[in-house]
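Subject: Structure handover

Hi,

Here is the structure I promised to pass on. Please open it alongside this email, and then read on.

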Amino acid sequence: MPLSSAHDTIVVGAGPNGLAAAITLARAGRSVLLLESSPTIGGGARSAELTLPGVVHDVCSAVHPLGVASPFFRDLPLREHGLHWVFSEAEAAHPFDDGPAVILQRSLDATAEGLGPDADAYRRAFGPLVEAADRLLPDLLAPLWPPPRHPLLMARFGWKAMASAHNAAVRLFRGERARGFFAGLAAHAILPLESAFTASFGYVFGLLGHVAGWPVARGGSQAIADALASVLTSLGGEIETGRRVTSLDDLPPARAVLLDLTPRQIVRIAGGRVRARFRRALERYRYGPAAFKLDLALSGPIPWKDPACARAATVHLGGTLEEIAAAEHAPHAGASAERPFVLVAQQSLFDTTRAPAGRHTAWAYCHVPHGSTVDMTGRIEAQIERFAPGFRDLILARHVTTPAAFERYDENYVGGDIAGGSAAFPQLFLRPSRRLVPYTTPDPRLFICSSSTPPGAGVHGMCGYHAARVALATVLR
Ligand SMILES: Cc1cc2nc3c(=O)[nH]c(=O)nc-3n(C[C@H](O)[C@H](O)[C@H](O)COP(=O)(O)OP(=O)(O)OC[C@H]3O[C@@H](n4cnc5c(N)ncnc54)[C@H](O)[C@@H]3O)c2cc1C
């Protein structure tokens, strides 16, 4: 059924990028209608009582180094609109079977000291990045075109970052602990650690630990989406939930339409608005492995073998470089790792609004093959138990999200791929197609603004911001 509207612009999808695009358009004085298929806004930034009453879980994203560092978010009055970042005492912890965990801390020196013989190597690797962070981060969170504002700095970063995480870890560090720690940071790429440019993820996530922090949102990640929506409506933007767009032909006339969707959905709803050649390019777009996730209500904090792990909201479980590399390689070979690399968030230790007194939340997921139907519950719990004996005894209730359930929850998670498509080179930069300005399509009034565009996955809004700026500079000028 055609929707009626008298808006300059329509944005489809109220994830962080759709909201960011809509805000950017509204700030420029354009009237905006944002259409969301789900009953609630937020896409990958939502929370819900998934297990027990009063226990709030982050359904998708939980930890937000990219959010707190996002130049777009930083430019918005999000605090006035209800978003409070909660910082744990340390940013991330990486335990081992024996010996102390490595703790990522704001202080470069304190982090380095925890790496023993690799302390100086760590300072040499991350020190120059920390010094240049203010200039580097905006360029890293932008498309390749227009060229970076600090090309020499970016070139120097690119030279380091183009390596595989495996090679970088071995070249930079002598010890197993520093190598494993770097592998844990790089595993956020959701790629085999032998792939080109996976070192970039290790550098960026470490850097963000030093210069921005790895916070959670007070009350749950939904607070991020709610604050963005509040900013949007304060600017006159309109949001309609429960409005699934099944064909672009059903949209009312508008000067620009921005899609917070991934290529597969765009092909499905495009009708006659996408030329055959562009359609084929979108069909060639590659999706990556999926996520398998557990949300747990616990009767107490996770009893880490090394209590230092309780200082950080995020814990990386996988131990050594070789074990993490094997775990991250498996999903790309169509296999489910026996000992998966598990990302854990323990929000309630730092945000007391998440659970009633004495109760706690745990958020834990691992990477599995695209569309996998293998139940990883036991393997995820075994990894936590390995580093926190007695953890299983604390489980009061459990909620499982399979790859198929992720796609049902948010259509952008095709096959359970939570990153809007693979970040393998060259798709890391050239996403979703090889157009010079990646947010554009052959239809001058149609734009793409999801995490399938640069700078890719994460709750930072930068894809939406850049896409809207392109629309404002062209068809909305
Ligand atoms: C398990 C998991 C853990 C994650 N952890 C983190 C983390 O800790 N930190 C972090 O920064 N990021 C994390 N992410 C990634 C992050 O959530 C995404 O990268 C981010 O949400 C992408 O934003 P987006 O706006 O591009 O898309 P989405 O957030 O996916 O939003 C797309 C929106 O479009 C809507 N939509 C889809 N089709 C239609 C249609 N036809 N009509 C109307 N509306 C439609 C969807 O319902 C959805 O609301 C995680 C994701 C998952 C799933």
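Below is what was found in it, starting with the sheets and ending with some backbone details.

Please keep in mind that this is a predicted model.

**The seven-stranded sheet**

One open sheet is built from seven strands. Their order is S7-S6-S12-S13-S14-S11-S15. The pairing is mixed. S7 (102–104) and S15 (395–401) are the edge strands. Each of these two has a single partner strand, so one of its sides has no neighbour in the sheet. From one strand to the next, the twist averages 20°.

For a closer look, go to S11 and S15. S11 covers residues 290–298. S11 and S15 run antiparallel, and six bridges join them. Lys293 is a handy marker here: its bridge partner in S15 is Thr401.

**The five-stranded sheet**

There is also an open sheet of five strands, ordered S9-S2-S1-S10-S16. Here the pairing is parallel. Which strands stand at the edges? They are S9 (238–240) and S16 (446–448). Each has a single partner strand, so one side is left without a neighbour in the sheet. The twist in this sheet averages 20° from one strand to the next.

S1 (residues 9–12) and S10 (residues 256–259) run parallel. Four bridges hold this pair of strands together. Within it, Ile10 stands opposite Val257 of S10.

**The ligand site**

The ligand has 37 residues around it. Those that come nearest are Glu36, Val63, Asp260, Asp410 and Gly458. By class, the shell has 16 nonpolar, 15 polar and six charged residues.

Which elements supply at least two residues each to the shell? Helix H1 (16–27) does, and so does strand S14 (360–368). H1 gives the most, with three residues.

Three polar contacts are worth displaying:

- Val63: a backbone N or O atom lies 2.7 Å from a nitrogen atom of the ligand.
- Gly44: a backbone N or O atom lies 2.8 Å from an oxygen atom of the ligand.
- Tyr413: a polar side-chain atom lies 3.4 Å from an oxygen atom of the ligand.

How much of the ligand does the protein cover? On its own, the ligand has 1,000 Å² of accessible area, and the protein covers 95% of that. Val63 thus appears twice in this section: among the residues that come nearest, and through its backbone contact with a ligand nitrogen.

**Aromatic pairs**

The count of aromatic pairs comes to 17. One of them is Phe182 with Tyr203. A pair of aromatic rings is described by the distance of the centres and the angle of the planes. For Phe182 and Tyr203, the centres are 5.4 Å apart and the planes are at 70°. That makes the pair edge-to-face, because planes over 60 degrees apart count as such.

This pair links distant parts of the chain. Phe182 belongs to helix H8 (residues 176–186). Tyr203 belongs to helix H9 (residues 198–211). The two residues are 21 residues apart.

**Backbone details**

Most residues other than glycine have a negative phi, and most peptide bonds are trans. Here are some exceptions to check.

Ile190 is not a glycine, yet its phi is positive, at about 55°. Ile190 is found in the loop between H8 and H9. Those helices carry Phe182 and Tyr203.

Two cis peptide bonds come next. One joins Phe425 and Pro426, with omega at about 5°. The other joins Arg431 and Pro432, again with omega at about 5°. Where do the prolines sit? Pro426 is in the loop between helix H15 (403–409) and S16. Pro432 is in the loop between H15 and S16 as well. S16 is an edge strand of the five-stranded sheet.

Best wishes

Notes:
Residues numbered from 1 in each chain as written. Predicted model: local features only at pLDDT ≥ 70, side-chain atom pairs only at ≥ 80, totals over all residues. Heavy atoms only, no water. Pairing = 2+ DSSP bridges. Axes fitted to C-alpha atoms, helices over the stretch in contact; angles between N-to-C directions. Near = heavy atom within 4 Å. Polar contact = N/O pair within 3.5 Å; in protein donor to acceptor, adjacent residues only side chain to side chain. Areas by Shrake-Rupley, 256 points an atom, 1.4 Å probe, with all protein chains shown as cover. Nonpolar A, V, L, I, M, F, W, Y, C, P; charged D, E, K, R; others polar. Phe/Tyr/Trp six-rings, centres within 6.5 Å; stacked < 30°, edge-to-face > 60°.
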